[in-house]
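I opened this entry to keep track of what I looked up. I went from the chains to the helices, then to strands and a single residue.

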Amino acid sequence: MPIGAERYGSRADAIAFLACLVLSLTALALPEALRRPIAGALRTTVLAPVLAVERQAVTAREQRQNTVRLRAERDSFALAAAFVPELRAENAQLRKLLKLGGRLGYGFVDAEVLHQTGLSDGLTLVLSAGRREGVVPAAPVIAPGGLVGMVASVDAHTSVAMAWTHPDFRVSAMVEGGRVFGIVASRRAEASGEMMELRGISYREGLAPGTAVVTSGLGGVYPRGIPLGSVAGVLNESGGWERTYLLRPAVHPAQVSHVMVLFPSRVRDTLTTDFDTTQAAAAPPGTPP
Amino acid sequence: MRIAPSRIKLAIVLAVLVAAHFALRPRFGPSPLAPDLVLVALLFFAIRSRPGAGAVAGFIVGLLVDAATPTAFGSSAFALTVVGFLAGWLKAVVFPDNLLVNAVFVFAASLARDLLQVLAAGQLRSGAAALLVTSPLAALSTTAAALLALVVFHPLLRGAAAR
């Protein structure tokens, strides 16, 4: 075939192109109730092998990091072995730093974040735990620093989480101590990166920069007390009766590699406001880990 | 039906690129700047195919990408369909052995994919910052990976044709 003819393609090429375009636009126009089963079916069939490979790669990376960390821990423990009190203190400190699970105690499942390429990564996250591991839709997704998002859909061994950076994400929030309540949503396209905004704060309630904002527990989706961020400043004032504040987020979903998905049994709990350092409520006797 | 050796060689290269995308990329941690080897594989296929085959391949790959990150299901399929078709259409000006032309081609394709995807998803306002900052850097890393793949797989890609 001459080069000129190849370059401009044939009628069959144009038809194939148009057919694919129409199918793409149809997929875009599908209602959410149809999109999720299709995406889930693709993930559990065609994509299952590559997601399994990716999961193994993530596990390998974490094992490599764990090896380095464990070597450091071993050296530290060897050094401190002669001083048992110091060893105990260091052990407790490492637990606090590394194991949020130890603090939560029960009612959660670990999951790895299978990050994908593209601009949408960070808005939704594919997690390596699904229905078989106990994950249910609308379950809160947390990291040691605070709230990451909520589970949007669940497959057998994977699930998709909507991160707080998603334009549709909302969470009921309060200032620590429970004196001021509002709604937190994402605010994108900021020069300094992704930020949150706290809406619906009464004009007479002034919040100082640095004030911690946590989940309020209202709505029955998120437990009370999960850190969301801290106040960075006033964003705008609506007619002298309401203020919107800019929040510096506690967790950036795009940088999270490991999360915990809470079970419904934890939704009514009050997790600590000092999420990183304080013990959460103890597990009831007989509760499986 | 006998399959041409050039097709088999191209299929091997594409399979290695896709496997590397999912097996190697996560080992370096989550980063929006990581090279997109699936896009590289699609472009390698499309510039050695007819435009229609490039469009169909782009649609299928895009649909699978959409399933993996279902923020706006169909947006990647739309973007990669257009990119795949244009790659096949422009193959007359993309010399498979010319590194500079390939670099410009992959860089432009990566940017075009991101722009089309954001437009199709209706996220132009929220994704503008990422398009201006993250997208060019990701396109650079993808271009570098494509050039490396061209050098490494040169013996297999030389004379390879998909159609």
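I began with the terms: helices (H or I, at least four residues) and strands (E, at least two) are DSSP runs, numbered from the N terminus. Arg36(A), for one, has its place in helix 3 (residues 32–44) of chain A.

I noted that this is a predicted model, in which local features need pLDDT of at least 70 and side-chain atom pairs count only at pLDDT 80 or more, while totals for chains, interfaces and linings use all residues. Residues are numbered from 1 along each chain as its sequence is written, and chains are lettered from A and ligands numbered from 1 in the order in which they are written.

**Entry: Arg36(A).** I asked whether Arg36(A) is buried, exposed or partly exposed. A residue is buried if 20 or more other C-beta atoms lie within 10 Å of its own, exposed if 12 or fewer, and partly exposed in between, with C-beta atoms placed from the backbone. Arg36(A) has 19 other C-beta atoms within 10 Å, so it is partly exposed. I also looked up Ala152(A), which is 116 residues from Arg36(A) along the chain; their C-alpha atoms are separated by 9.3 Å.

**Entry: strands of chain A.** I found a closed barrel of 6 strands in chain A, in the order 6-7-8-11-10-9, with antiparallel pairing. Two strands pair if DSSP finds at least two bridges between them. Strand 6 (residues 170–175) and strand 7 (residues 181–187) of chain A run antiparallel and are joined by 5 bridges. Val171(A) stands opposite Val184(A) in strand 7 of chain A.

**Entry: chain B.** I counted 8 helices and 0 strands in chain B. Of its 163 residues, 56% count as buried. Two residues are in contact if their C-beta atoms, placed from the backbone, lie within 7 Å. Among contacts in chain B between residues at least 6 apart in sequence, 71% join residues at least 24 apart.

**Entry: where the chains touch.** How many residues does each chain give to the contact? Chain A gives 47 residues and chain B gives 47 residues. On the side of chain B that touches chain A, helix 3 of chain B supplies the largest share, 12 residues. That side divides into 28 nonpolar, 13 polar and 6 charged residues. Here Ala, Val, Leu, Ile, Met, Phe, Trp, Tyr, Cys and Pro count as nonpolar, Asp, Glu, Lys and Arg as charged, and the others, Gly among them, as polar.
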